[in-house]
Amino acid sequence: MTEATFTQHGMWIMETMGAGSAYHMPLTVRFATPPDRERLAAAVTRLVERHPLLARAVEERAGVPHLIPAALRPALDAQPVDGPFDLEKGPLIRFTLAGDRLQVLAHHLVFDGQSKDVLVADLAAFYEGREPGPLPDHEDTQVERVAAKLEDAKAFWAARWREPGEVAVPGSRLRSRRAGEGGVLEFTLEPPELPGLTRFEVVLAALHTLLRSYGNEHVVTAVDLSTRTPAESGRIGAFVNEVPVFSTPSPDASFQDFAAGLRAELRLVYGFREVPVARAVPGTRPHAALAPVSVSYRKAGPEIPGWQVEWLAFNQAVRGALQLQLLDGPAGLVASLRHDPLELPDPGRVAADLQALLARVEADRPLKELAAFHDLAAAAPEASRQAAAEAAPDDPLLAEITAIWEEVLKFSPVEPHDDIFDLGGHSLTITQIIARIRKRLGVEIELDDFFDSPTIAGLVEVMRR
């Protein structure tokens with residue numbers, strides 16, 4: 001039994017609240033000729049022996065998730081590739097062969113983007129009768145490493161963190177940081193080569209410039225960063241963390257200067273990439289996505305003769321309002337724009353604008369010449385919600401919710417307008433309150449409802465609506 005890492009803990013919280021397929025990571029391999037089923041089944045068995053994390057399930061103990069042996073070991077065609085995972089029984093990966101196509105579906109709790117590369121390389125080696133190279137010695141010390149960096153990370157983010165707000169895009173505003181059904185649009189990008197910048201840094205700077213041109217004076221995008229150490233480079237697992245990158249693009253700045261500043265900020269962030277922001281910033285509300293807009297970048301995995309791998313297979317979901325996944329490979333830089341159709345009904349406009357902006361990028365060219373900059377009119381204040389705020393002291397629903405809060409928080413009194421995060425609450429506290437509300441009152445409160453209304457009065461209003 002192994003205690004889950006902080007990153008796995010956050011995924012588990014979101015999964016238990018209903019993330020759908022947002023944490024499913026599909027991978028499809030098409031073979032030039034149908035493979036030998038028996039040999040492939042043996043290769044899958046050897047793969048799982050080499051990477052035992054794939055044969056794990058999750059068990060909650062005193063509110064903390066632990067990884068335990070699954071009730072069944074992963075095997076070829078042992079389970080249908082579609083459908084939700086049973087985290088408590090496992091396993092957290094499935095293999096299905098249909099003709100010349102192998103479908104792999106893994107849960108993000110035990111898998112990440114680079115795990116796809118490892119899986120394909122090791123599975124091909126076992127299938128061909130070869131032995132992959134030995135894995136370096138490794139001790140799972142991620143929890144200890146994060147704990148050692150936590151205080152420095154708190155000081156680092158205290159000077160930078162601001163709660164990500166809504167993001168203006170043409171014809172809409174992106175607000176969602178939850179997991180839900182999504183759409184996808186794939187297209188190619190051609191970033192220019194600029195001195196001292198990687199292709200990813202050029203695209204990230206272009207994306208920040210584009211969002212600024214839409215009227216967002218302060219821009220934040222979440223970025224997926226690998227947390228792998230050299231000893232973890234050849235292993236399958238969830239070695240990734242999401243961090244925010246903030247900027248205030250100046251229309252008069254040259255693209256080279258702006259991108260260099262963004263690169264410098266990224267380099268500072270790298271030093272704390274293992275520490276989840278929710279651990280380092282007191283009162284941070286956990287969400288499936290750190291910001292409405294996120295971006296990730298990776299290079300395509302190994303090329304295996306006779307194997308055609310679909311590295312960007314879509315899981316039919318999105319975390320947040322817009323996820324831009326970038327894959328750099330032989331076909332160039334491919335972008336997969338996953339989006340919430342309700343918040344971004346026209347993803348093609350964003351894709352076309354990003355392509356056009358990159359086509360105009362020159363090192364010394366000011367940002368204002370790359371896109372037409374707009375200023376947002378001040379938004380009218382939303383009508384305040386008064387129903388719960390005016391609840392009478394003898395309101396039975398208010399009294400019941402107050403009692404639940406005081407039981408879970410283990411102190412009293414708690415006032416109707418006290419913010420749970422100011423009271424020291426966190427994701428586990430919230431799930432305990434939601435569970436007690438469900439059991440006693442038969443009302444299902446969504447996690448995002450709680451984050452939007454983190455007071456007793458706010459919850460009462462949500463329940464009455």
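**Exercise 1. Describe how α2 and α3 cross and pack.**

Let's start with the handedness: the crossing of α2 and α3 is right-handed. Keep in mind as you work that this is a predicted model.

Next comes the geometry. Two packed helices are described by the angle between their axes and the distance between the axes. Helix α2 covers residues 37–50 and helix α3 residues 113–127; their axes lie 8 Å apart, at an angle of about 125°. An angle from 115 to 145 degrees is neither roughly perpendicular nor roughly antiparallel, so α2 is oblique to α3.

Now list the residues that touch. From α2 come R39, L40, A43, V44, R46, L47 and R50, and from α3 come L119, D122, L123, F126 and Y127. Sorted by class, this contact has eight nonpolar, four charged and no polar residues.

**Exercise 2. Place R162 in the fold and find its partners from elsewhere in the sequence.**

Begin with the location: R162 sits in the loop that links α4 (142–158) to β7 (167–169).

Then check its exposure. The relative accessible area of R162 is 34%, and the partly exposed class runs between 20% and 50%, so R162 is partly exposed.

Finally, look beyond the neighbours within four places in sequence: R162 is in contact with H218, V219, F246 and S247. As for P244, 82 residues away along the chain from R162, the two C-alpha atoms are 9.6 Å apart.

**Exercise 3. Is H66 buried or exposed, and which backbone oxygen lies 3.0 Å from a polar atom of its side chain?**

First, find the residue: H66 belongs to strand β4, residues 64–69.

Second, take its relative accessible area, 11%. Buried means under 20%, so H66 is buried.

Third, turn to the side chain. One of its polar atoms lies 3.0 Å from the backbone oxygen of V64.

**Exercise 4. Decide whether P345 is buried or exposed, then set its position against V277.**

Start from the loop between β17 (332–339) and α8 (347–360), where P345 is found. With a relative accessible area of 62%, P345 is exposed. For the last step, compare sequence and space: P345 and V277 are 68 residues apart along the sequence, and their C-alpha atoms are 30 Å apart.

**Exercise 5. Work out how covered α12 is, and which helices its buried residues pack against.**

Count the buried residues of helix α12 (residues 456–464): eight of nine, so the helix is mostly covered. Those buried residues are I456, A457, G458, L459, V460, E461, V462 and M463. They pack against α9 (396–409), α10 (427–441) and α11 (447–452).

How values were computed:
Residues numbered from 1 in each chain as written. Predicted model: local features only at pLDDT ≥ 70, side-chain atom pairs only at ≥ 80, totals over all residues. Heavy atoms only, no water. Helix = DSSP H or I, 4+ residues; strand = E, 2+ residues; numbered from the N terminus. Buried < 20%, exposed > 50% of the residue type's maximum accessible area, 1.4 Å probe, protein only. Contact = heavy atoms within 4.5 Å. Axes fitted to C-alpha atoms, helices over the stretch in contact; angles between N-to-C directions. Parallel < 35°, antiparallel > 145°, perpendicular 65-115°, else oblique. Left-handed = near helix turned anticlockwise from the far one by under 90°. Nonpolar A, V, L, I, M, F, W, Y, C, P; charged D, E, K, R; others polar. Polar contact = N/O pair within 3.5 Å; in protein donor to acceptor, adjacent residues only side chain to side chain.
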